[in-house]
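Here are a few exercises to work through with the model open in your viewer. Try each task before you read its solution.

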Amino acid sequence: MNTTLRDNIDWVGYVDWTVRDFHGYNTDRGVTYNAYLIRDEKTALVDTVKAPFADRLLQSIAALTDPAEVDYVVCNHAELDHAGGMTRVMEVLPNATLACNKKCEAVLSKHHDSSGWKTHIVATGDTLPLGKRTLRFIETPMVHWPESMFTYIPEEKLLFSMDAFGQHYASSQRFDDEVPLCTVMEEAKTYYANIVMPFGRQVAKVLEEVAKLDIEMIAPSHGVIWRSHAPAIVEAYTNWSTCRPKPKVLVIYDTMWDSTGRMARAIHEGASLPGVAAELIHIRSSSLTRIAAEVLDAAAIAFGSSTLNQGMLPMAGAVLTYLKGLKPVAKAGMAFGSYGWSKGGPEAVDDYMKAMKWEVLREPIRAQYRPTFEVLDECRAAGRLLAEKAREMAADRRAGERLCVDP
Ligand code: FEO
């Protein structure tokens with residue numbers, strides 16, 4: 001495995017091949033926790049790994065240098081997948097000074113006994129000379145946590161971007177040109193949707209800072225390193241952070257005795273117009289992770305649930321609760337669903353859409369017990385309405401930007 005980014009700059013992280021759950025995120029392709037060692041007149045480690053893998057990280061460091069030679073441990077992000085191993089690392093690297101921002105120091109002190117650590121506090125614009133190279137720090141609050149930070153080496157045109165531009169993708173290869181690009185982009189999009197989407201405005205600000213840097217390589221904290229396709233992932237982030245919609249309609253539903261399922265299929269049939277990608281998603285045959293990724297660039301969404309106990313089916317509620325937290329904007333929507341002796345399912349969906357400030361195109365479509373031919377015709381017409389709206393939103397390339405970036 002080639003782990004060398006530049007002369008004397010090496011990946012020393014850990015590939016977690018078998019993990020399939022990352023606080024609810026389905027990591028079907030595993031995860032990597034990336035850490036990097038820079039050897040110059042001074043030696044710096046950028047980030048650590050999850051606690052159980054700290055000794056593997058230390059073995060990788062020891063294969064390259066005497067642990068006593070490590071002068072700095074940079075912490076770009078205090079979340080435990082990157083800083084969980086910090087206690088062990090600071091114990092084994094006897095001469096290391098922790099370099100982090102003030103907020104990061106505060107978070108680290110809650111998770112670790114940091115009382116004996118030497119700490120060097122940095123802020124945006126501060127630099128740390130290593131010899132031929134310099135570390136320059138850029139705070140990136142809320143991408144992903146308040147203390148998040150990028151570290152940039154101008155002499156190498158190399159950006160350590162922490163969670164940003166990352167992917168949950170275990171691979172024996174370390175670089176974007178050594179693996180299928182479509183797979184990497186799919187995982188980067190899934191990562192953005194499930195981790196970064198709530199922070200679109202902050203991402204847009206960070207991208208403005210990134211645009212000022214001369215960058216050849218982006219080394220995130222997860223997944224492969226962007227060596228050949230850095231401009232492509234920056235452009236993708238620009239689209240995702242501004243919620244630029246595609247001409248795409250999702251019909252997402254859960255159903256009890258297939259009445260809502262019949263309605264979903266009729267809506268999907270109506271939405272399947274030329275030039276429009278219409279996708280039918282049965283919630284219990286999919287996952288929260290996959291649904292969030294599909295929602296990210298969809299323009300219009302029909303969401304359906306049968307009525308259970310005067311509300312939604314539980315998994316429909318779980319999806320909407322999850323989406324509400326992720327704050328997808330610039331969406332048009334409509335609710336649908338069946339009921340028996342009391343209403344409640346589609347009405348609860350409609351409430352969620354309004355709470356998320358989606359443009360609700362019409363009143364919920366309801367069917368009592370079984371959708372009639374008339375109701376199914378109404379569903380097909382609603383599908384066409386959503387598809388036409390999706391085309392219109394995708395054509396208006398600033399639609400998402402206005403909703404996402406304006407206060
Ligand atoms: Fe990969 Fe926000 O931690």
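Buried area here is the accessible area (1.4 Å probe) that two parts lose on being put together, summed over both. Before you start, note that this is a predicted model, where local features need pLDDT of at least 70 and side-chain atom pairs count only at pLDDT 80 or more, while totals for chains, interfaces and linings use all residues. Residues are numbered from 1 along each chain as its sequence is written, and side-chain values use heavy atoms, with hydrogens and water left out.

**Exercise 1. Describe how domain 1 and domain 2 meet.**

Step 1: Get the bounds, which come from an automatic or database domain assignment. Domain 1 covers 4-241 and domain 2 covers 249-401. Their C-alpha centres are 38 Å apart.

Step 2: Look at the contacts, meaning heavy atoms within 4.5 Å. On the domain 1 side 12 residues take part, and they touch 13 residues of domain 2.

Step 3: Turn to the area. The two domains bury about 1,100 Å² between them, and 56% of that is on carbon and sulfur atoms. K189, N194 and M197 supply 46% of what domain 1 buries against domain 2, more than any other three residues.

Step 4: Check the polar side. A salt bridge is a side-chain nitrogen of Lys or Arg within 4 Å of a carboxyl oxygen of Asp or Glu; the rule finds 2 of them across this interface. In a salt bridge between K189 and D297, the closest N and O atoms are 3.0 Å apart.

Step 5: Name the elements. Helices (H or I, at least four residues) and strands (E, at least two) are DSSP runs, numbered from the N terminus. β5 (25-26) and α5 (181-196) each give two or more residues to the side of domain 1 that touches domain 2. The largest share, 6 residues, comes from α5.

**Exercise 2. Work out the strand order of the open sheet of 7 strands, and say which strands stand at its edges.**

Step 1: Count two strands as paired if DSSP finds at least two bridges between them. The order then reads β1-β2-β7-β8-β9-β10-β11, with mixed pairing.

Step 2: Find the edges. β1 (4-6) and β11 (118-121) each have a single partner strand, so one side of each is left without a neighbour in the sheet.

Step 3: Add the twist. Axes are lines fitted to C-alpha atoms, for helices over the stretch in contact, and angles run from 0 to 180 degrees between N-to-C directions. With direction ignored, neighbouring strands of this sheet are turned by 25° against each other on average.

Step 4: Zoom in on one pair. β8 (residues 43-46) and β9 (residues 70-74) run parallel over 4 bridges, and V46 has V74 in β9 as its bridge partner.

Step 5: Place a helix. α4 (residues 102-111) lies across β10 (97-100) and β11, at about 125° to β10.

**Exercise 3. Trace the pairing from β12 through β13 to β14.**

Step 1: β12 (residues 127-129) and β13 (residues 134-139) pair antiparallel over 3 bridges, with T127 partnered by R136.

Step 2: Inspect the turn. This is a hairpin with 4 residues between the strands, and G131 in the turn has a positive phi of about 140°.

Step 3: Carry on to β14 (residues 149-153), which β13 joins antiparallel through 4 bridges. F137 has T151 in β14 as its bridge partner.
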